[in-house]
Amino acid sequence: MLTFYHYWDSFCSIKTRLALEEKALDYRKVFVDLLAFEQLKPDYTRLNPKGVVPTIVHNDQVVVESTVINEYIDEVFPDPPLMPADPLARARARILVKLEDDKAHEAMRAPTFNLMIKPMIANLSDDEVDEIAANHPQKWAGDYWKKTVRTPIDQKAIDESLALVRDICATLEASLDGAQSWLVGEAFSLADCAFAPMVDRLEHLGA
């Protein structure tokens, strides 16, 4: 009754996959091949109009946006809990998840696109690039895609992004305070789900 639409290396898919696995849930995986642009096909955009992953379908109801999905999973499947019982600790967890949503995800865009995605799609023709950009349901994403895919690696954008990531990592280090096991205490939480993909991506990029 629970279906998870994902791409293995997608930042946000990893974030939700961690929550699903921590809950030890039985769920069906549907692979959406981002490099074949399956996320832009009508069958998928009917589920997720933004044309992004992940998406879950639970009892025929669609839930999108990884942060919202993770909150939903934690509420519907409460054992084990992925948010602290203490209200102040829960607030701290939410602040960190918001930091990932507002800052970290954006900061990882330039390094990911320049160092990871460009080599994967280097063989696309100009016509294919134009078509994919024109058909993207989010205009800004299509414009960014078209602008970036054929240009040389933008080292300045990468360096600026990684400087922001260093600031974010300093915030995470302060949250750990040198003693506790996880970002908001002694239990794994949605805050850890949010930031583990950033660590994984940085390692993948050699950064």
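The radius of gyration is taken here over C-alpha atoms, and the globule rule is 2.2 Å times the number of residues to the power 0.38. The model examined in these exercises is predicted.

**Exercise 1.** Determine which radius of gyration a compact globule of 207 residues would have, and set the protein against that value.

*Solution.* First, apply the rule: for 207 residues, a compact globule would have a radius near 17 Å. Next, take the value for the protein, which is 18 Å and therefore agrees with the rule. Finally, consider the extent of the C-alpha trace, which spans about 55 × 40 × 25 Å along its principal axes.

**Exercise 2.** State how many helices and strands the protein has, and give their order along the sequence.

*Solution.* The count comes to nine helices and four strands. Read along the sequence, these elements follow the pattern β-α-β-α-β-β-α-α-α-α-α-α-α. As for contacts with a separation of 6 or more, 68% join residues 24 or more positions apart.

**Exercise 3.** Identify which residues of helix α6 are buried and which are exposed, and explain how the buried ones are arranged.

*Solution.* Buried means under 20% relative accessible area, and exposed means over 50%. Within α6, which covers residues 126-135, the buried residues are V129, I132 and A133. Viewed down the helix axis, the buried residues of α6 fall within an arc of 95°, so they line one face of the helix. D127, E131 and A134 are exposed on the other side of α6.

**Exercise 4.** Describe the burial, surface and charge of the whole protein.

*Solution.* Of the 207 residues, 46% are buried. The protein exposes about 11,300 Å², of which carbon and sulfur atoms supply 55%. Its side chains include 22 positive and 34 negative ones, and the centres of these two sets lie 4 Å apart.

Technical notes. Residues numbered from 1 in each chain as written. Predicted model: local features only at pLDDT ≥ 70, side-chain atom pairs only at ≥ 80, totals over all residues. Heavy atoms only, no water. Buried < 20%, exposed > 50% of the residue type's maximum accessible area, 1.4 Å probe, protein only. Helix = DSSP H or I, 4+ residues; strand = E, 2+ residues; numbered from the N terminus. Arc of directions from axis to C-beta. Contact = heavy atoms within 4.5 Å. Areas by Shrake-Rupley, 256 points an atom, 1.4 Å probe, with all protein chains shown as cover. Lys, Arg positive; Asp, Glu negative; His and termini not counted. Charge placed at Lys NZ, Arg CZ, Asp CG, Glu CD.
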